[in-house]
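Here are my notes on the structure you asked about, written to be read with the model open beside you. Please take them as a friendly walk through the features that caught my eye.

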Amino acid sequence: MECDEKLVRFRQAHLNPFNKQPGQGQHDQEAGDDLSCRDSLLGLSHGDPRFQCSERVMDLGLAEDHFSRPVGLFLASDIQQLRQAIEECKQVILELPEHSERQKDAVVRLIHLRLKLQELKDPSEDEPNIRVLLEHRFYKEKSKSVKQTCDKCNAIIWGLIQTWYTCTGCYYRCHSKCLNLITKPCVRSKVSHQAEYELSICPETGLDSQDYRCAECRAPISLRGVPSEARQCDYTGLYYCGNCHWNDLAIIPARVIHNWDFEPRKVSRCSMRYLALMVSRPVLKLREINPLLFNYVEELVEIRKLRQDILLMKPYFITCKEAMEARLLLQLQDRQHFVENDEMYSLQDLVDIQAGRLSCSLAEIHTLFAKHIKLDCERCQAKGFVCELCKEGDVLFPFDSHTSVCTDCSAVFHRDCYYDNSTTCPRCARLSLRKQSLFRGPSAEEQA
């Protein structure tokens with residue numbers, strides 16, 4: 001008897017879920033609708049025997065906390081199934097009432113499905129920290145909060161769940177999965193081997209010369225936008241597709257040199273990176289490219305005079321111990337070419353001249369250098385000149401505005417004295433007499 005009672009109690013506690021009572025029809029129908037909706041969100045089919053399970057088990061699987069573990073993702077592990085579940089979930093969201101609880105739950109499920117799909121596409125296995133490819137030197141980024149855009153696939157890089165790399169040379173960014181698809185070599189190699197600008201304004205040759213293909217990836221393009229829109233780069237004059245030309249804006253060197261035009265123009269991604277790397281390189285010789293520019297831009301004449309004066313000050317600093325200890329020449333460490341010549345300019349120099357920044361900063365440095373030579377340092381003062389024509393006035397230096405310098409012996413005179421006396425330079429005459437005496441001396445001894 002005791003065994004029979006235990007058996008009855010066991011059967012009552014484990015009722016068959018398929019034995020329905022008359023009062024449960026409507027409730028079971030609503031529960032069935034919920035189950036079918038949930039199955040559609042997960043991309044499951046009722047006809048698939050792999051996913052057939054009891055009602056009690058399905059309730060347990062779908063009643064979990066969504067933020068502890070994505071609902072149903074333990075079943076949809078295949079990429080194709082996840083894509084199907086995402087499409088069905090989006091369709092269900094559109095059909096559900098707006099701002100309803102069921103629609104909010106469906107949106108949460110859709111987010112988790114997409115995250116799971118992205119994880120399968122870009123697995124989180126250990127990636128190497130350094131990758132060298134086509135002269136690119138890629139370093140794996142550790143930042144997880146910064147949102148970037150992949151230069152290869154034009155998609156967003158989600159740092160929390162994706163591995164991405166940045167080239168230390170040209171700052172090319174891409175997913176780890178896109179590394180092997182890169183076909184463009186690093187732009188820094190071109191800058192290192194052939195650092196020069198295109199000095200023709202938008203040298204267009206026509207889309208037919210490119211065979212109606214992108215100049216970089218060779219994808220089909222056309223002006224009508226079918227199959228892809230053709231976008232012209234104002235720097236190279238070539239046409240690119242939307243993936244290689246993002247309508248970035250940059251200052252074109254040719255327009256600056258020929259027209260003094262600093263308006264940014266649309267350029268391709270490759271040209272954008274090249275111009276960014278070249279902006280501080282002194283490769284522009286304005287006197288040869290466009291000498292008439294100095295007649296129309298007064299700031300260029302002022303900058304040229306300041307640079308010439310700094311070159312005249314440089315010998316004083318090289319031979320001065322105090323100047324070397326104070327490292328005065330490091331005031332121009334960002335523009336090293338200013339202490340080497342007065343002809344070469346970088347694009348950044350021209351941009352700063354147009355904005356008025358370079359004139360002010362260079363005038364301050366010029367004043368600091370002149371103060372050291374003429375007031376602070378006795379050694380530098382001792383290297384000054386006295387006008388040998390009038391033999392009056394203060395000590396002169398070659399960078400003074402009221403002086404003139406002899407081109408042969410580098411002697412310094414007052415400008416008015418130098419041009420008023422049309423005779424030869426006294427120092428040059430003295431040096432020539434000394435040379436003649438040196439030549440006459442040995443010949444006279446031989447005759448004796």
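The points below go from the whole chain to single residues.

1. **The model as a whole.** Please keep in mind that this is a predicted model. The protein has 448 residues, and buried ones make up 36% of them. Its secondary structure comes to 17 helices and 14 strands. If you take the contacts between residues at least 6 apart in sequence, 58% of them join residues at least 24 apart. The exposed area is about 27,800 Å², with carbon and sulfur atoms supplying 51% of it.

2. **Salt bridges in general.** How many salt bridges does the model have? The count comes to 19. Three pairs and one network are picked out in the next points.

3. **Glu 87 and Lys 90.** These two side chains form a salt bridge, and their closest N and O atoms are 3.3 Å apart. Both residues belong to helix α4 (residues 79-95), where a spacing of three residues separates them by about one helical turn. An α-helix has 3.6 residues a turn, so residues three or four places apart point the same way. Are the two partners buried or partly exposed? Glu 87 is partly exposed at 49% relative accessible area, and Lys 90 is also partly exposed, at 29%.

4. **Asp 309 and Lys 305.** Here is another pair within one helix: Asp 309 and Lys 305 sit four residues apart in α11 (residues 298-318), about one turn of the helix. The closest N and O atoms of their salt bridge are 2.8 Å apart. The two ends have contrasting surroundings, since Asp 309 is buried with a relative accessible area of 5%, while Lys 305 is partly exposed with 38%. The cut-off for buried is under 20%, so the value of 5% puts Asp 309 in that class.

5. **Asp 352 and Arg 335.** The side chains of Asp 352 and Arg 335 form a salt bridge with an N to O distance of 2.6 Å. What does this pair tie together? Asp 352 is in helix α13 (residues 347-355) and Arg 335 is in the loop between α12 (321-326) and β12 (344-345), so the salt bridge links parts that are 17 residues apart in sequence. Both Asp 352 and Arg 335 are buried.

6. **A charged network.** Salt bridges also link five residues into a network: Lys 285, Arg 287, Glu 288, Asp 342 and Glu 343. It is worth displaying these side chains together when you look at the model.

7. **Helix α11.** Coming back to the helix that holds Asp 309 and Lys 305, α11 has 21 residues and spans 31 Å from its first C-alpha to its last, close to the expected 30 Å. Where does α11 kink? A kink of about 25 degrees lies at Leu 312, shortly before the proline Pro 315. The buried residues of α11 are Leu 300, Ile 303, Leu 306, Arg 307, Asp 309, Ile 310, Met 313, Tyr 316 and Phe 317.

8. **A nonpolar surface patch.** Val 107, Ile 111 and Leu 115 make a nonpolar patch of about 230 Å² on the surface. Val 107 is found in helix α5 (residues 101-121) and is partly exposed at 35% relative accessibility.

9. **Arg 281 and its contacts.** Arg 281 sits in the loop between α8 (269-278) and β11 (284-285), and its relative accessible area of 31% makes it partly exposed. Which residues does Arg 281 touch, leaving aside those up to four places away in sequence? They are Val 191, Ala 195, Tyr 345 and Ser 346. Along the chain, Val 191 is 90 residues from Arg 281, yet their C-alpha atoms are separated by 9.4 Å.

10. **Positive phi angles.** Two residues may be worth a look at the backbone level. Asp 211 has a positive phi of about 60 degrees although it is not a glycine, and it is found in the loop between α6 (187-193) and β7 (231-232). Ser 410, likewise not a glycine, has a positive phi near 65 degrees. Ser 410 lies in the loop between β13 (403-405) and β14 (412-414), where it is partly exposed with a relative accessible area of 42%.

How values were computed. Residues are numbered from 1 along each chain as its sequence is written. This is a predicted model: local features need pLDDT of at least 70, side-chain atom pairs count only at pLDDT 80 or more; totals for chains, interfaces and linings use all residues. Side-chain values use heavy atoms; hydrogens and water are left out. A salt bridge is a side-chain nitrogen of Lys or Arg within 4 Å of a carboxyl oxygen of Asp or Glu. Buried means under 20% relative accessible area, exposed over 50%, partly exposed in between (1.4 Å probe, protein chains only). Patches are made of residues with over 30% relative accessible area and no salt bridge: like charges are joined within 9 Å, nonpolar side chains (Val, Leu, Ile, Met, Phe, Trp, Tyr) within 5 Å. Accessible areas come from the Shrake-Rupley method with a 1.4 Å probe; for residues, only the protein chains shown count as cover. The expected span of a helix is 1.5 Å times one less than its number of residues. The bend at a residue is the angle between axes fitted to the seven residues ending there and the seven starting there. Contact means heavy atoms within 4.5 Å.
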